[in-house]
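Visitor: Before we start, I would like the reasons behind the labels as well as the labels.
Guide: Then ask for them one at a time.

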Amino acid sequence: MTVYSIIFYLLAAIILVSTGIAITRRNLVHAVVYLVFSFFGSAMMFYLFGAPLLAVLEVIIYAGAIMILFLFIIMMVKVEASEERLFPIRQWLPIALMGGVYLIIGAVIVSSAPGSQVTLEIALAKPKAFGEYLFQRHWLVIEIVSLLLLIALIGALFLGRKKPGEDI
Amino acid sequence: MIVPFGHVLILAGILFLMGIFCAAVRRNLIMIVLGVEIMLNAASIAFVGAALRWQHLEGQVFALFILAVAAAEVSVGLALIVYAYRRTGSFDPARFNLLK
């Protein structure tokens, strides 16, 4: 067990625990802040996997932009934290049971599949090499994604515009 | 030498199940969108692990596109949530029964 595997298991534990806390909070602000912790852990895991550019983008976009957008929405509208009622347990118990069964089956399949025992080697994709690969092989997808973001911007503006006589 | 590749997949699977659980059980539109975010994050962890496993950049490229799609999805989703909140004054999905 090298120091990298210890780091991996530590990060995995932090990610799972903070996500588990986040999805069970009643207070939405607490949930979002715990999820920011989880995304920081994911960013460090990307760095461990040799993707420094993706790690930086994860911090900037996921933790910095998307989660702050959630915080804006939560603080813009009044959310009563105690208003939410969870579903009764007999409604979501089947989901939990089936999820557990899926998890066990998936773990068995993954651990018995050929090639899953291959140990990951340390490697680093330099941002320059990553960017060159991206723009040489996938320039069309970049254009499509930028169009998608533009359409999302227009759609969000259209949905969010204020009609006369409304106050939020 | 980090860890076997299977452990990365199991971590991504547990995270994905947590996202499904959050989206299926919570009765709050914002928590449902958060669950979708957790699922997308789990998928990108699996992609980056696979990129390291095969020493190929394709997985990292896909994780970048997942990031962009998540940003677009969350902006439109939150705008829809605000719109629905204006119509009904609540975040509870059970209150959106205007068609009844």
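Visitor: How many residues does each chain bring to the contact of chain A with chain B?
Guide: Chain A gives 70 residues and chain B gives 57 residues; two residues are in contact if their C-beta atoms, placed from the backbone, lie within 7 Å. This is a predicted model, where local features need pLDDT of at least 70 and side-chain atom pairs count only at pLDDT 80 or more, while totals for chains, interfaces and linings use all residues. Residues are numbered from 1 along each chain as its sequence is written, and chains are lettered from A and ligands numbered from 1 in the order in which they are written.

Visitor: Which helices of chain A supply at least two residues of the side that touches chain B?
Guide: Helix 1 (3-22), helix 2 (28-48), helix 3 (52-76), helix 4 (89-112), helix 5 (127-137) and helix 6 (139-160) each do. Helices here are DSSP runs (H or I, at least four residues), numbered from the N terminus. By class, that side of chain A has 51 nonpolar, 15 polar and four charged residues. Ala, Val, Leu, Ile, Met, Phe, Trp, Tyr, Cys and Pro count as nonpolar, Asp, Glu, Lys and Arg as charged, and the others, Gly among them, as polar.

Visitor: Why are helix 1 of chain A and helix 1 of chain B called roughly parallel?
Guide: They pack at an angle of about 5°, with axes 10 Å apart. Angles under 35 degrees count as roughly parallel and over 145 as roughly antiparallel, with 65 to 115 roughly perpendicular and the rest oblique, so these two helices are roughly parallel. The axes are lines fitted to C-alpha atoms, for helices over the stretch in contact, and angles run from 0 to 180 degrees between N-to-C directions. Among the residues that meet are A:Ile15, A:Leu16 and A:Thr19 on one helix and B:Leu15 on the other. The contact of these helices divides into seven nonpolar, two polar and no charged residues.

Visitor: What makes helix 3 of chain A roughly antiparallel to helix 2 of chain B?
Guide: Their axes cross at roughly 175° and come within 12 Å. That angle is over 145, so the pair is roughly antiparallel. On the chain A side the contact includes A:Tyr62, A:Ile66 and A:Phe70, and on the chain B side B:Leu34 and B:Asn41. Its residues are nine nonpolar, one polar and one charged.

Visitor: What is the arrangement of helix 2 of chain B and helix 3 of chain B?
Guide: They pack at about 175°, with axes 9 Å apart, which means they are roughly antiparallel. Their contact has 19 nonpolar, four polar and three charged residues.

Visitor: How do you know that A:Leu120 is buried?
Guide: A:Leu120 has 23 other C-beta atoms within 10 Å. A residue is buried at 20 or more such atoms, exposed at 12 or fewer, and partly exposed in between, so A:Leu120 counts as buried. A:Leu120 lies in the loop between helix 4 and helix 5 of chain A, and touches B:Ile2, B:Val3, B:Phe5, B:Leu52 and B:Arg53, not counting residues up to four places away in sequence.

Visitor: Which element gives the largest share of the largest nonpolar core?
Guide: Helix 2 of chain B, with 15 residues. The core has 68 residues, and A:Phe46 and B:Leu15 are among those that touch the most other members. A nonpolar core is a set of buried Ala, Val, Leu, Ile, Met, Phe, Trp, Tyr and Cys residues joined through C-beta atoms within 7 Å.
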